[in-house]
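Colleague: Got a minute to go through this one with me? I'd like to start with the charged pairs.

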Amino acid sequence: MSATEINAKVKELRELRRMADELATEIEAVQDSIKSQMDAQGVDTLAGADWKVTWRPVTSTRLDSSALKKELPEIAARFMKQTTTRRFVLA
């Protein structure tokens, strides 16, 4: 790929990311509007002809690795797993 082609691809990527950010903002606004309506109705489920929306509390239990490292660092070290990934960054 030539430098001109790479420049064009980077420009395209920047534009697509800008569009994705705008869409994410719009999606969040619509979701917040629906959540507000659900709160007003006091419901955690809404349904239509071909859709169903739920918004309810979900409880999960996760390991607090920071607390474990602080309280029992030797045990935390025994169960640490190192991974390597590649990160793509456009600046």
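Modeller: Arginine 18 and glutamate 22 both sit in helix α1, 4 residues apart, which is about one turn of the helix. This is a predicted model, by the way.

Colleague: How far apart are the N and O in the salt bridge of arginine 18 and glutamate 22?

Modeller: 2.3 Å, N to O.

Colleague: Buried or exposed, what do we call arginine 18?

Modeller: Partly exposed, with a relative accessible area of 37%. Glutamate 22 also counts as partly exposed, at 41%.

Colleague: And what about aspartate 44, who is the salt-bridge partner there?

Modeller: Arginine 56, with the closest N and O atoms 3.7 Å apart. Aspartate 44 is in the loop between α1 and β1, and arginine 56 is in the loop between β2 and α2, so the pair ties together parts 12 residues apart in sequence. Salt bridges with shared partners also link Glu15, Arg18 and Glu22 into one network.

Colleague: How many salt bridges in total?

Modeller: The count is 4. One of them joins the side chains of lysine 9 and glutamate 12, at 3.8 Å.

Colleague: Switching topic: in what order do the elements run?

Modeller: α-β-β-α-α from the N terminus, so 3 helices and 2 strands.

Colleague: And what radius of gyration does the chain have?

Modeller: 23 Å, whereas a compact globule of 91 residues would be near 12 Å. The C-alpha atoms fill a box of roughly 55 × 50 × 20 Å along the principal axes.

Colleague: What share of the residues counts as buried?

Modeller: 3% of the 91.

Terms used
Residues are numbered from 1 along each chain as its sequence is written. This is a predicted model: local features need pLDDT of at least 70, side-chain atom pairs count only at pLDDT 80 or more; totals for chains, interfaces and linings use all residues. Side-chain values use heavy atoms; hydrogens and water are left out. The radius of gyration is taken over C-alpha atoms; the globule rule is 2.2 Å times the number of residues to the power 0.38. Buried means under 20% relative accessible area, exposed over 50%, partly exposed in between (1.4 Å probe, protein chains only).
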